[in-house]
Amino acid sequence: MTNNPDGPADKESAALYVRAWDVLVPARAGYLAGVSPHYDEVLHEVAQRTEHTGSLGKTDIGALVVWKRLSAQTRWVTELMSLPDTQVRAVTERAVTAVRDHTVPRSEAARTGRGIIWELPGFRTGDALASAILTAAAPHRMAVYDRRVQHALDTLGLTLTPTPGRYGRYMQLLGDLIEHGAAPAAGWTARDLDTALYWTGRPTPAPSP
């Protein structure tokens with residue numbers, strides 16, 4: 001297991017991960033049953049374009065804003081749209097290269113990619129949209145982070161602090177979980193894990209009156 005400064009001590013890790021998988025395996029099944037199979041088509045389309053172009057442009061980022069259901073009526077969107085697309089692609093191309101670099105651990109690639117995306121307007125705080133971009137760049141290696149994921153991690157007792165470098169630590173945590181995965185989770189990707197966490201962290205429906 002790699003050393004995650006946010007993670008539990010080694011003696012506690014095995015039991016903690018077992019308990020997490022007891023929740024995540026059915027959560028993944030719940031996600032697949034409860035979310036339209038067409039919902040991720042936008043992410044898949046952006047990922048396919050990125051596979052061929054090696055970068056993401058403003059159109060791709062705009063599509064991911066809609067996919068993540070974020071507000072486009074913010075100052076950073078105006079600032080981003082005011083940049084030449086060539087400048088945006090120059091930054092995202094470097095980030096794409098970083099997260100696809102298999103010569104370094106997943107967590108290091110994630111941290112480097114996130115640091116590069118930081119250069120664009122709107123990406124200096126929060127990891128939700130940045131993680132979507134990096135996941136589109138390397139869909140079989142990276143994963144999406146958002147507040148539902150954070151809530152699920154907190155609920156499961158898996159510590160992830162908001163201090164700088166969070167996305168790299170998040171990917172390391174997912175890597176540790178995959179390494180200690182239960183048999184029903186064999187072959188899971190980090191993206192599979194983030195959807196299970198997303199489902200786990202969804203709001204609990206209010207009881208019917």
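**Close-up views of rings, pockets and salt bridges**

**View 1. Aromatic pairs between helix α1 and helix α10.**
The count of aromatic pairs comes to six, where rings of Phe, Tyr and Trp (for Trp, its six-membered ring) pair if their centres lie within 6.5 Å, and where planes under 30 degrees apart count as stacked, over 60 as edge-to-face and the rest as tilted. One of these pairs joins Tyr31 and Tyr198, whose rings stand edge-to-face, with 6.3 Å centre to centre and 90 degrees between the planes. Tyr31 belongs to helix α1 (residues 10–34) and Tyr198 to helix α10 (residues 190–200), so this pair ties together parts that are 167 residues apart in sequence; helices here are DSSP runs of H or I with at least four residues, numbered from the N terminus. Tyr31 also forms an edge-to-face pair with Trp199, at 6.3 Å centre to centre and with 85 degrees between the planes. Because Tyr31 lies in helix α1 and Trp199 in helix α10, this pair ties together parts that are 168 residues apart in sequence. Together, Tyr31, Tyr198 and Trp199 form one aromatic cluster.
The model is predicted, so that local features need pLDDT of at least 70 and side-chain atom pairs count only at pLDDT 80 or more, while totals for chains, interfaces and linings use all residues. Residues are numbered from 1 along each chain as its sequence is written, and side-chain values use heavy atoms, with hydrogens and water left out.

**View 2. The burial of the cluster Tyr31, Tyr198 and Trp199.**
Are the members of this cluster buried or exposed? Tyr31 is buried, with a relative accessible area of 8%, where buried means under 20% relative accessible area, exposed means over 50%, and partly exposed lies in between, for a 1.4 Å probe and protein chains only. Tyr198 is buried as well, with a relative accessible area of 18%, and Trp199 is buried with a value of 18%.

**View 3. A charge over the ring of Trp118.**
Arg124 lies over the face of Trp118, at 4.1 Å from the ring centre. A charge is taken to sit over a ring if NZ of Lys or CZ of Arg is within 6 Å of the ring centre and within 35 degrees of the ring normal.

**View 4. The largest pocket and its lining.**
The largest pocket has a volume of about 500 Å³. A pocket is an open set of points on a 1 Å grid over the protein atoms alone, where a 1.4 Å probe fits, with protein on both sides within 12 Å along at least five of seven lines, and its lining residues have an atom within 4 Å of a point. Of the 18 residues that line this largest pocket, Lys68, Arg69, Asp146, Arg148 and Tyr198 are the closest to its centre. Helices α8 (147–156) and α10 each supply at least two residues of this lining, and α10 gives the most, with four residues. By class, the lining of the largest pocket has nine nonpolar, one polar and eight charged residues.

**View 5. The second largest pocket.**
The second largest pocket, with a volume of about 350 Å³, is lined by 18 residues, of which Arg28, Asp40, Leu43, His44 and Arg191 lie nearest its centre. At least two residues of this lining come from each of α1, α2 (41–53), α7 (128–137) and α10. The lining of the second largest pocket divides into eight nonpolar, six polar and four charged residues, where Ala, Val, Leu, Ile, Met, Phe, Trp, Tyr, Cys and Pro count as nonpolar, Asp, Glu, Lys and Arg as charged, and the others, Gly among them, as polar.

**View 6. A salt bridge between Asp192 and Arg28.**
The count of salt bridges comes to 13, each being a side-chain nitrogen of Lys or Arg within 4 Å of a carboxyl oxygen of Asp or Glu. In one of them the side chains of Asp192 and Arg28 meet at 2.9 Å, N to O. This pair links distant parts of the chain, with Asp192 in helix α10 and Arg28 in helix α1, 164 residues apart, and both Asp192 and Arg28 are buried.

**View 7. Salt bridges that involve helix α5.**
Asp85 forms a salt bridge with Arg89, the closest N and O atoms being 3.1 Å apart, and both residues lie in helix α5 (residues 85–99), four residues apart, about one turn of the helix. Arg94 forms a salt bridge with Glu119, where the closest N and O atoms are 2.7 Å apart. This second pair links distant parts of the chain, since Arg94 is in helix α5 and Glu119 in the loop between α6 (106–117) and α7, 25 residues apart. Arg94 counts as partly exposed at 40% relative accessibility, and Glu119 counts as partly exposed at 37%. Salt bridges that share partners join Glu45, Arg49, Asp60, Asp85 and Arg89 into one network.

Note on methods. Points joined across faces, edges and corners; volume = space filled by probe spheres on them.
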